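Grab a pencil and let's work through a few short exercises on one protein model. Take a look at the picture, then follow each solution step by step.

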Amino acid sequence: MASSMHCKSIIGRCTVGLRRVNDLKVAACTSWMQHRPLSTKFPEFQNNPQLQSHDQIYQFSLENPDQFWSTLARSRLQWSKDFDTVKDCDIIKGHIKWFLGGQLNASVNCVDRHLDTLGDSTALIWEKDEPGTEEHVSYRQLSQMVNRISNMLKKHGVKKGDRVAIYLPTSPVAIASMLACARIGAVHSVVFAGFSAEALAGRIEDAKAETVITADEGVRGGRKIPLKKVVDESVSKCPSVKRVFVYRRTGMGTLGKNDFSLDDEMAKESDVCDPELMESEDFLFMLYTSGSTGKPKGIAHSTAGYLLYAMMTQKHVFDYKVGERFGCVADIGWITGHSYVVYGPLLNGATTVLFESNPIYPDAGKYWEMTERLKLEHMYLSPTALRMLLKEGDNFVTKYDRSSLRKLGCVGEPLNREAFEWYRDVVGGGRCDVIDTWWQTETGGICITPRPSEEGAPILPGMPMRPFYGIAPALVDQKGEEVTGNDVKGALCIKSVWPGMARTIYGDHQRFLNTYYTPYPGYYFSGDGARRTKSGYYQITGRMDDVLNVSGHRLGTAEIEDVLDDQEEVAESAVVGYPHDIKGEGIYAFVVLKGEHDMPLDKLANELRGMVKTRISSFAQPDMILFAPGLPKTRSGKIMRRILRKVAANKPDELGDTSTLFDPSVVDAIVEKHEEVY
Ligand code: PRX
C-alpha cells in the first residue's frame with residue numbers, strides 16, 4: 001500500500017481489509033467502543049462483517065482511504081464520468097487532488113437528481129426576518145430558479161471558470177445563485193452581507209470578479225440594510241466589475257447603468273439549462289477568511305471532494321434522515337452556511353432552513369418558536385447565540401414545543417460547560433445529543449465531533465471529542481514532533497488527507513503552503529492548539545496565532561490594526577483578544593498617539609470604531625480602546641502580545657518576565673491606564 005505521505009492510487013489496486021497503518025492510528029480506544037451496533041448505517045458496507053461497528057469503519061477509513069472514499073464517492077454522488085484515480089496527494093507539498101478523471105456537476109447532485117423522488121418535497125424553508133413568516137421552495141421550484149439564473153448568467157457573458165461575487169442575504173435566491181454558478185461552471189465567492197463596501201471591494205478585486213449578485217436591501221432584526229448602496233460604493237473602486245444583478249427584497253432603489261433586475265432577467269429565461277460537465281478538481285467556490293497577517297485569503301474548494309465531504313458529514317454527524325427538517329441558522333456568508341445550509345443538506349435531499357433573521361428578534365424565543373412552527377429535528381448554531389439566549393431565561397425556551405428536536409449541533413468557538421448543559425437540558429430536555437463540532441473554512445466540513453460514534457457513547461461538555469471518518473488528528477510539539485499518548489497538548493494538525501480539504505488560496509498558492517503545510521512538514525496545520533484528554537478525546541484550546549474568534553467570526557489582528565493606524569493621530573496600535581462572557585472573545589486595542597493631539601479621547605475612540613466599521617464590518621469594532629504611551633517591545637522591535645493579552649484579560653499580576661523588553665517601564669504605564677479604557 002502506498003505511504004500516507006504521497007499516494008497516487010488507481011482504483012482497483014488497493015486491498016480490502018483492516019490492515020493497520022501505524023502512523024495513521026489514532027490515540028486511545030476506550031472500552032465502550034467495542035463492537036456495539038452503529039447508529040448511522042453505511043449501506044455500502046453492510047455485507048462486510050468486518051465493517052459493522054463505528055470503530056471498525058473509522059479504522060478502515062484511515063487504513064484504506066482509497067477504498068473507503070471511492071466506494072462512497074461512487075454510491076453517493078452522481079457522476080457524468082467515473083473517476084479513474086482516487087487520489088493524488090502529497091501532504092508534504094500540500095498537493096491535494098481527489099477523484100481524478102471524474103466529471104460531475106454540483107447543481108445536478110444537489111437538485112436534479114432528487115426531482116424524480118423528491119420533486120414536490122420542500123428543499124428550502126426560508127425563515128424570513130419578518131417574525132413568523134416562512135416560504136417553502138420545493139426541489140422542483142429550486143431547479144427552475146437555478147436554471148433560470150444559469151441561463152441569465154450565460155446570456156450576460158458569464159463563462160466557466162469566471163468568478164461571481166454574491167452579496168445577498170440568506171434567501172432562496174442566494175442559494176439558487178450559488179447553484180447556478182455551479183451549474184455553468186462559474187466559481188462563486190459569497191461575501192457575508194454584513195461586510196463593508198471596502199471589505200467587499202477587496203474581495204471582488206482579489207477574485208477579479210466581473211459579476212456581482214446582490215439585493216436592493218437586506219432585512220435583519222427589523223432593520224433594513226442598504227446592500228445595493230454598499231455594492232455601488234464597492235463597484236466604483238473595482239474596474240473589473242461589468243454587471244450587477246439586483247434581487248428585489250424590499251422593492252427599494254433604482255438601477256444604474258450596468259445594473260440589471262435579477263427578478264426581471266430571470267423571468268425572461270427558460271427553466272431548462274444543460275449543466276456544464278466539471279472535472280472533479282475544478283473549483284466550486286472560494287470563500288474569504290482571515291489569517292494572522294495580510295489580507296483575507298480566498299480559500300478555494302474543489303467540486304467532487306468538497307461535495308462528498310459536506311454530504312457525508314451532514315448525514316453522519318447529525319444522523320440525518322430524508323424528510324427531516326435541518327435547521328442550521330448560519331448565514332451563507334460563512335463556511336457553515338455553505339456546507340450545512342446549502343451543499344450538505346441538498347446533496348442528501350434534505351429540507352434545509354434558510355435563517356435570515358437574528359436569534360433575539362422579536363425576542364429571545366425566536367429559535368424555539370421557529371422550532372415549534374417548523375417542527376425541526378436538527379438545530380445547528382453558535383455558542384455565542386446560546387450564551388446570549390441562556391441569559392434571557394428558560395421561559396423563552398420552555399413555552400415552545402421542542403419535542404421534534406433530535407440533534408443539537410454547535411460550531412465556531414468553544415462551547416463552555418454552562419452553555420452545553422443549558423442546550424442539552426433546557427433546550428433539548430435531556431433527550432438530544434449535543435454535538436460540538438470542530439472544523440474550519442479550510443477543512444470544508446466537520447472534522448472532530450462526538451457523533452457519529454457507537455450507540456450510547458458518552459458525550460462530554462467542552463469538547464468536540466472524536467475524529468470523523470478519514471480524519472487522523474495529531475498533536476505536534478514546537479520541534480515538529482508528534483506528541484503521543486493521552487493527557488497531552490500540542491498544535492492541532494491532521495496527518496491524513498481527506499476529500500473536503502481546501503486546495504489553495506486563490507491566486508497565492510505559496511501563502512497556502514506557508515500557512516498550512518510548512519509549519520509542521522507532513523501535517524496539515526490548523527492554527528489551533530488542542531489537548532488530548534486522559535480518555536483520548538480532543539479538546540480545542542484556542543488559536544495559536546494572531547487570529548481572533550469573535551462570536552465565531554474569524555478576524556486577523558493585523559486587519560484591525562491596519563485600519564487604526566490609518567487615523568492621522570495614531571502612531572501605532574496592537575490588537576489582542578480577551579475573554580468575553582457572550583462573544584467568547586472580545587477585541588482590545590492598544591493605541592499609541594503621535595504626541596500632541598486636539599481631539600478628546602472619547603471622540604477619537606468613536607472615530608476609530610467608526611473607521612473599523614466602515615472598512616471591515618461592525619463585528620470587528622474594538623470593545624475596548626486603551627490609549628497607551630507606548631507598546632511593550634523586545635529589543636528587536638517585536639510587540640510582546642503576551643503582556644498585552646494579560647492586561648486585556650485584567651490580570652496585571654500575571655505579566656511574567658518583562659526584563660527582555662526594550663523599555664520595561666512602558667508596561668507599568670499601560671497597567672496604570674488600564675482602568676481608563678474607551
Ligand atoms: O479556532 C477554531 C474555531 O474557529 C476556527 C475556524 O473558523 P472558521 O474558518 O471561520 O470556521 C468556523 C466554522 C467552521 C477554528 O480554527 N472553532 C471552530 N469550531 C470550534 C472552534 N473552536 C472551538 N470549538 C469548536 N467546536
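**Exercise 1.** Work out why helix α17 (residues 557-565) is largely enclosed by the rest of the structure.

*Step 1.* Count the covered residues: seven of the nine in α17 are buried, so the rest of the structure largely encloses this helix. Buried means under 20% relative accessible area, using a 1.4 Å probe and protein chains only. Helices (H or I, at least four residues) and strands (E, at least two) are DSSP runs, numbered from the N terminus.

*Step 2.* Name them: Thr557, Ala558, Glu559, Ile560, Glu561, Val563 and Leu564.

*Step 3.* Find what they pack against, where contact means heavy atoms within 4.5 Å. Their partners include strands β30 (570-580) and β31 (584-593), plus helices α18 (601-615) and α19 (641-648).

Some ground rules: this is a predicted model, where local features need pLDDT of at least 70, side-chain atom pairs count only at pLDDT 80 or more, and totals for chains, interfaces and linings use all residues. Residues are numbered from 1 along each chain as its sequence is written, and side-chain values use heavy atoms, leaving out hydrogens and water.

**Exercise 2.** Find which atoms of Asp436, Thr437 and Asp528 approach the ligand.

*Step 1.* Start with Asp436: an N or O atom in its side chain is 2.7 Å from a ligand nitrogen.

*Step 2.* Thr437 uses a backbone N or O atom instead, 2.7 Å from a nitrogen atom of the ligand.

*Step 3.* For Asp528, a side-chain N or O atom sits 2.9 Å from a ligand oxygen.

Notes. A polar contact is a pair of N or O atoms within 3.5 Å; within protein, one must be able to donate a hydrogen and the other to accept it, and residues adjacent in sequence count only if both atoms are side-chain atoms. Buried means under 20% relative accessible area, exposed over 50%, partly exposed in between (1.4 Å probe, protein chains only).
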